[in-house]
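Hi,

Here is the structure I promised to pass on. Have a look at it first, and my notes are underneath.

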Amino acid sequence: MGNNFRMIAKTLFGFEEILAKELRNLGAGNVEVGVRSVAFDGDTGFMYKANLCLRTAIKIIKPISSFHVSGEDDLYKKVFRMDWAEYLSVDDTFAIDATVFSDNFTHSLYVSQKTKDAIADKFRETDGKRPNVDVKNPDLRINIHIHQDQCNVSLDSSGASLHHRGYRTATNIAPINEVLAAGLLLLSGWDGQCDFMDPMCGSGTMLTEAAMIACNIPANINRNGFAFEKWPDFDSQLYEKIIEASLKKTREFHHKIIGMDKAPSAVRKAIDNIENANLSDYIEVKRDNFFKTEKETEGPLHMCFNPPYGERLDIDMQNFYASIGDTLKQGYPGTNSWMITSNLDALKFVGLRPSRKIKVFNSHLESRLVHYEMYEGSKKAKYQRTTEN
């Protein structure tokens with residue numbers, strides 16, 4: 001298609017392949033995996049759809065110019081030469097985000113300043129006045145990425161990071177980021193085909209993302225808006241069609257999603273957030289101590305959770321992780337259990353051998369997503385049944 005252009009979806013470390021799969025499933029062309037990013041081709045409607053539907057993207061940016069830069073003056077000249085009137089009017093506001101990996105440029109703030117000056121001076125020359133900068137809520141957010149002597153100028157079509165889904169108003173001490181929760185669920189193979197449980201649900205992010213995946217609800221349907229809605233070429237009718245078509249692809253979910261937490265405040269917050277996401281029909285949240293529970297449902301159970309760690313709560317790490325292992329072993333047969341932890345030493349206290357360990361990051365903390373497969377009966381019994389059949 002002639003009106004396709006190149007875009008880049010940014011993501012968290014370890015989620016690149018899942019994001020690439022999401023993009024292919026949505027219909028992106030020429031998908032190419034990078035580091036914390038995936039490049040792809042699509043048209044304007046696809047850019048709207050990517051922002052609305054992708055679960056593991058943080059930003060969708062649209063490159064508009066690429067050039068070599070030898071230093072600050074060269075950067076200024078080349079940004080000045082660009083036709084900014086195509087993207088911005090003198091009455092609009094703008095902001096610059098700069099990322100720099102270069103020997104010629106040492107400070108991203110200085111790069112932002114130089115870019116801002118070049119754009120402002122260009123408008124002063126053509127219009128006699130300049131657009132204002134608004135760091136918090138600009139009409140146009142411009143992304144500058146410099147790697148050695150290569151500069152890429154892009155427009156940020158998302159605005160606020162796409163983990164701001166719009167449903168979460170109440171949070172706990174250290175809530176899990178929505179994009180991180182969705183990515184962990186997809187890495188764990190969650191597809192909505194059985195019951196789901198988060199036994200330490202906090203403010204309910206994992207539960208909400210699990211329900212949205214199970215029902216194929218667009219990830220950002222509850223969001224306040226996207227940056228592209230302020231662009232001069234925004235096509236509101238096309239965007240409405242994209243929303244309508246995406247909502248037609250939702251599906252029914254015939255299993256249970258259960259959340260529990262010891263803290264009454266967490267349970268209240270989870271219920272509020274789930275109501276904000278219009279998912280109360282699918283999710284049940286109760287106050288309970290996981291270590292005193294056992295599996296209540298028949299058939300397979302998929303579990304994914306983010307246990308508290310030392311940085312956030314004062315707990316006896318050894319006993320706590322040993323209790324996770326004991327509870328899974330004794331109370332949860334037939335369960336695929338996945339948990340993320342940044343306390344890599346504590347994993348040895350679980351007393352179970354993980355069948356998978358995947359390196360991810362929870363904010364700045366290097367973490368592991370670990371998988372414990374709890375068989376119905378023992379492994380040995382399972383093996384005997386398999387050989388007898």
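Below is what turned up, going from the sheets to the cores and then to the salt bridges.

One thing to keep in mind throughout: this is a predicted model.

**First sheet**

Eight strands make up an open sheet with mixed pairing, and the order across it is S2-S3-S1-S4-S8-S7-S5-S6. Its edges are strand S2 (29–33) and strand S6 (132–133), each of which pairs on one side only. At the S6 end, the neighbour is strand S5 (residues 93–101), and S5 and S6 pair in the parallel sense over two bridges. If you want a spot to zoom in on, Phe94 has Val133 in S6 as its bridge partner. Helix H4 (residues 108–127) lies across S5, S6 and strand S7 (140–147), and H4 runs at about 140 degrees to S5.

**Second sheet**

There is also an open sheet of seven strands, again with mixed pairing, in the order S11-S10-S9-S12-S13-S15-S14. Strand S11 (283–287) and strand S14 (356–362) are at the edges with a single partner strand each, so one side of each has no neighbour in the sheet. On average, neighbouring strands here are turned by 20 degrees against each other, ignoring direction. Within this sheet, strand S9 (residues 195–198) and strand S10 (residues 257–261) pair in the parallel sense over three bridges, and Asp198 stands opposite Gly259 in S10. Helix H9 (residues 317–331) lies across strand S12 (301–305), strand S13 (335–341) and strand S15 (365–374), running at about 170 degrees to S13.

**Cores**

The largest nonpolar core has 52 residues, and Leu23, Ile60 and Ile142 have the most contacts inside it. Helix H2 (residues 44–53) gives the largest share of this core, with six residues. Apart from it lies another core, of 40 residues, which includes Ile58, Leu187, Cys201 and Ile213.

Ile142 is a good residue to click on. Setting aside neighbours within four places in sequence, Ile142 is in contact with Trp84, Phe94, Ala95, Ile96, Asp97, Ile119, Val153, Ser154 and Leu155. You'll recognise Phe94 from the bridge to Val133, and Asp97 comes up again below.

**Salt bridges**

Searching the whole structure gives 14 salt bridges. Three of them are worth opening up here.

The side chains of Arg6 and Glu32 meet in one of these (2.9 Å, N to O). Arg6 is in strand S1 (residues 5–10) and Glu32 in strand S2, so the pair ties together parts 26 residues apart in sequence. Both ends are partly exposed: Arg6 has a relative accessible area of 26%, and Glu32 has 49%.

Arg6 also meets Asp41 in a salt bridge (2.8 Å, N to O). That pair links distant parts of the chain too, with Arg6 in strand S1 and Asp41 in strand S3 (residues 37–42), 35 residues apart.

Then there is Arg141 with Asp97, whose side chains meet at 3.3 Å, N to O. Arg141 lies in strand S7 and Asp97 in strand S5, so this pair ties together parts that are 44 residues apart in sequence. Which end of it is buried, and which is partly exposed? Arg141 is the buried one, with a relative accessible area of 14%, whereas Asp97 is partly exposed at 27%.

Through shared partners, salt bridges join Arg6, Glu32 and Asp41 into one network.

Cheers

Key:
Residues are numbered from 1 along each chain as its sequence is written. This is a predicted model: local features need pLDDT of at least 70, side-chain atom pairs count only at pLDDT 80 or more; totals for chains, interfaces and linings use all residues. Side-chain values use heavy atoms; hydrogens and water are left out. Two strands pair if DSSP finds at least two bridges between them. Helices (H or I, at least four residues) and strands (E, at least two) are DSSP runs, numbered from the N terminus. Contact means heavy atoms within 4.5 Å. Axes are lines fitted to C-alpha atoms, for helices over the stretch in contact, and angles run from 0 to 180 degrees between N-to-C directions. A nonpolar core is a set of buried Ala, Val, Leu, Ile, Met, Phe, Trp, Tyr and Cys residues joined through side-chain atoms within 4.5 Å. Buried means under 20% relative accessible area, exposed over 50%, partly exposed in between (1.4 Å probe, protein chains only). A salt bridge is a side-chain nitrogen of Lys or Arg within 4 Å of a carboxyl oxygen of Asp or Glu.
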